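Biologist: Hey, have you got a minute to go through this structure with me? I'd like to start with the ligand.

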Amino acid sequence: METLVVVGAGPKALAVAAKAHVLRALGLSAPRVVVVEAQAVGGNWLPSGGWTDGQHRLGTSPEKDIGFPYRSTWARGHNRAINQAMTAYSWTSFLVEHGTYAEWIDRGRPSPQHHVWAKYLQWVAREIDLELVLGTVSAIAAAADGWLVTAVDADGVPTQIDADALMMTGPGRSAKALAKHPKVLSIAEFWDLAGKRRLPVSSRVAVIGGGETAGSALDELVRHGMLSISVISPMATLYTRGESYFENSLFSDAVKWTALSMAERRDVIRRTDRGVFSVRVQESLLGDNRVHHMQGRVVRLVDQGEGVALTLRNELRPDQVHAFDLVIDATGGQPLWFLDLFDANASDLLELAVGGELTTARIEASIDYDLAVSGLDTKLFLPNLAALAQGPGFPNLSCLGELSDRVLRSMTATPGRRPSEVAPARMAPGG
Ligand SMILES: Cc1cc2nc3c(=O)[nH]c(=O)nc-3n(C[C@H](O)[C@H](O)[C@H](O)COP(=O)(O)OP(=O)(O)OC[C@H]3O[C@@H](n4cnc5c(N)ncnc54)[C@H](O)[C@@H]3O)c2cc1C
């Protein structure tokens with residue numbers, strides 16, 4: 001049986017591990033899934049992950065859970081059974097198990113707080129006996145027949161894991177900031193201070209970024225006594241994700257995606273995903289006259305009195321300089337964060353596969369139907385970079401069931417074949 005190692009125990013890892021568990025339970029073949037996690041299952045949805053304080057709410061519906069859209073196309077004759085079996089790990093099953101289903105319905109199906117979403121993921125991990133290695137992946141080497149993943153535990157003890165295939169998840173580190181300056185906070189520092197109720201008292205605050213990371217930070221900032229809050233992004237304004245059926249269906253159903261031209265795909269992503277706030281975040285900002293949008297890219301930061309001055313650049317206008325008491329870098333994750341872990345051989349292999357220097361555009365263009373980089377002998381699944389080539393739902397929570405089908409099917413030569421022997425999975429601590 002082949003081993004798929006997943007870096008990060010977030011929703012994508014749980015989606016793949018749960019589907020593999022279900023396939024095995026139905027007597028179908030599936031790889032062994034080993035998940036390596038630096039903190040805890042669902043770590044990035046907890047305050048310790050540095051992306052949230054855990055109190056803010058999911059932007060999407062929790063029913064877009066690890067099995068959504070429950071429309072498996074994995075193995076003819078088995079799909080119905082797979083879909084039914086996956087519902088055992090759905091958001092609603094989690095609520096039923098905890099006796100809160102009726103209350104959730106009666107309260108109008110509210111989006112859960114991030115820490116509750118982490119609890120849901122931890123519950124799935126327990127239910128499926130997730131094979132979890134607690135440790136931070138510090139190196140990835142190309143081996144003769146796969147990848148060699150090195151993880152370091154909390155005591156600094158390294159473990160090496162052989163992987164036939166590898167899947168990278170998550171946005172990378174949240175500790176980076178535009179500049180090292182006491183008045184410029186990374187998103188990790190922001191949540192740390194907000195959680196301790198120690199955000200510096202400031203009259204003019206700037207939040208750089210227009211996506212989910214900035215949205216959650218703004219949702220928090222409006223609860224504090226700032227006099228003005230400026231949201232800086234290169235877009236002409238702050239867009240709201242429409243969340244109509246027509247937009248959402250492109251995220252849930254990737255089938256239509258490849259029929260669109262590249263220009264159409266970029267247009268959909270620009271209008272619905274990048275630099276777009278959820279309806280809920282927009283609603284909380286609309287009524288607050290302290291919140292303004294400033295268009296531009298920050299190209300310079302200098303000290304100014306007690307605060308900092310930011311230079312904003314727009315193509316058709318002269319640069320503008322604005323002063324702030326506090327700046328929060330909420331520009332979000334780094335899509336290529338995992339490349340720092342790759343040794344020289346692994347990077348060379350990847351460069352050969354994508355045909356040149358490792359840029360986001362080049363890797364995005366190389367993502368195949370199975371969400372792996374095409375042209376690599378050993379699978380490297382990069383769902384976070386699959387939006388443009390395969391569908392805008394793959395980097396987020398919009399079609400985790402479809403994501404797991406695509407990844408697992410490509411690791412199984414003949415879907416539906418019965419495995420000769422299946423090793424029992426085990427649950428490790430932390431989840
Ligand atoms: C504040 C915020 C709110 C969001 N809300 C939504 C939403 O409502 N709907 C939506 O669709 N998307 C939302 N997103 C986007 C979200 O990031 C993705 O949808 C989704 O969480 C990504 O899942 P994942 O499994 O890739 O990674 P994550 O859930 O981010 O998990 C990655 C895991 O990797 C671990 N990790 C990191 N580095 C290492 C390492 N070196 N070794 C081992 N483990 C490591 C982390 O501890 C973490 O647990 C939001 C993002 C943010 C920042």
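Modeller: Sure, let's begin with asparagine 44: an N or O atom in its side chain is 2.8 Å from an oxygen atom of the ligand. Keep in mind that this is a predicted model.

Biologist: Okay, and what lies 2.5 Å from an oxygen atom of the ligand?

Modeller: That's glycine 59, and there a backbone N or O atom does the job. Then there's threonine 60, where an N or O atom in the side chain is 2.8 Å from a nitrogen atom of the ligand.

Biologist: How much of the ligand does the protein cover?

Modeller: The ligand on its own has 980 Å² of accessible area, and the protein covers 90% of that.

Biologist: How many residues surround the ligand, and which are the closest?

Modeller: There are 32 residues around the ligand, and the closest are Lys12, Glu37, Gly59, Thr60 and Val137.

Biologist: How does that shell split by class?

Modeller: You get 16 polar, 13 nonpolar and 3 charged residues.

Biologist: Which helices and strands supply at least two residues of the shell?

Modeller: Helix 1 (11-25), helix 7 (212-221), strand 2 (32-37) and strand 4 (136-143) each do. Helix 7 gives the largest share, with 3 residues.

Biologist: Switching topic, what domains is the chain divided into?

Modeller: Domain 1 is 3-171 + 333-410, and domain 2 is 184-241 + 278-329. Their contact takes 9 residues from domain 1 and 10 residues from domain 2.

Biologist: How far apart are the C-alpha centres of the two domains?

Modeller: The centres of domain 1 and domain 2 lie 31 Å apart. Going back to the ligand for a second, its shell draws at least three residues from each of those domains.

Biologist: Which peptide bond is cis, with omega near 10°?

Modeller: The one from phenylalanine 68 to proline 69. Proline 69 sits in the loop between strand 2 and helix 2 (79-86). Tyrosine 70 lies in the loop between strand 2 and helix 2 too, and tyrosine 70 has a positive phi of about 50° although it isn't a glycine.

Biologist: Why point those out?

Modeller: Because most peptide bonds are trans, and most residues other than glycine have a negative phi.

Biologist: Last thing: what pLDDT does the chain average?

Modeller: The average is 91, and 96% of the residues score at least 70. Over residues 414-431, though, the pLDDT is below 50, and that stretch has 39 contacts in the model beyond near neighbours in sequence.

Notes. Residues numbered from 1 in each chain as written. Predicted model: local features only at pLDDT ≥ 70, side-chain atom pairs only at ≥ 80, totals over all residues. Heavy atoms only, no water. Near = heavy atom within 4 Å. Polar contact = N/O pair within 3.5 Å; in protein donor to acceptor, adjacent residues only side chain to side chain. Areas by Shrake-Rupley, 256 points an atom, 1.4 Å probe, with all protein chains shown as cover. Helix = DSSP H or I, 4+ residues; strand = E, 2+ residues; numbered from the N terminus. Nonpolar A, V, L, I, M, F, W, Y, C, P; charged D, E, K, R; others polar. Domains from an automatic or database assignment. pLDDT = per-residue confidence, 0-100. Contact = heavy atoms within 4.5 Å.
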